[in-house]
Amino acid sequence: MKKATFEWDEEKDRENQSRHGVSFVTAQQAFLDPNRVIAEDIAHSTEENRYYCMGFVGEGVLTVRFTYRGNLIRIYGAGYWRKGRKIYEDQNKIY
């Protein structure tokens, strides 16, 4: 299996760390969870398809907002959000 390649805007990474306490380097780990959940973000962009990856990282479920750009995964947001945790738990039947 080919290793995923990630990219992001450095300024967005700094903003995300300030607002949500999560770096995009850490956010990559959500994709390693074998039980991760990928869902399409139908509410935001009409110019490109955007997605959420919900995966267990550290002591909780991390939600990563991303898009595909060719062979790259471009991260544009990440945080430990209740909605992402609920979706992850529902999909993995965790109670």
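This report covers the nonpolar core and the salt bridges of a predicted model.

## Basis

Residues are numbered from 1 along each chain as its sequence is written. In this predicted model, local features need pLDDT of at least 70 and side-chain atom pairs count only at pLDDT 80 or more, while totals for chains, interfaces and linings use all residues; side-chain values use heavy atoms, without hydrogens and water.

## Nonpolar core

The largest nonpolar core (buried Ala, Val, Leu, Ile, Met, Phe, Trp, Tyr and Cys residues joined through side-chain atoms within 4.5 Å; buried is under 20% relative accessible area, exposed over 50%, partly exposed in between, with a 1.4 Å probe and protein chains only) has 16 residues. Phe31, Leu62, Val64, Ile75 and Ala78 have the most contacts inside it. Two or more residues of this core come from each of helix H2 (24-27), strand E3 (50-57), E4 and E5; helices (H or I, at least four residues) and strands (E, at least two) are DSSP runs numbered from the N terminus.

## Salt bridges

The whole structure holds six salt bridges, each a side-chain nitrogen of Lys or Arg within 4 Å of a carboxyl oxygen of Asp or Glu. In one of them, Glu48 pairs with Arg69, with the closest N and O atoms 3.0 Å apart. Glu48 is in the loop between strand E2 (37-41) and E3 and Arg69 is in strand E4, so the pair ties together parts 21 residues apart in sequence. Arg69 is partly exposed, at 38% relative accessible area. Glu48, Arg50 and Arg69 are linked in a network of salt bridges.

Helix H3 (residues 82-91) contains Arg85 and Glu89, four residues apart, which form a salt bridge at 3.7 Å, N to O. Lys86 and Asp90 also lie in helix H3, four residues apart, and their side chains meet at 2.9 Å, N to O.
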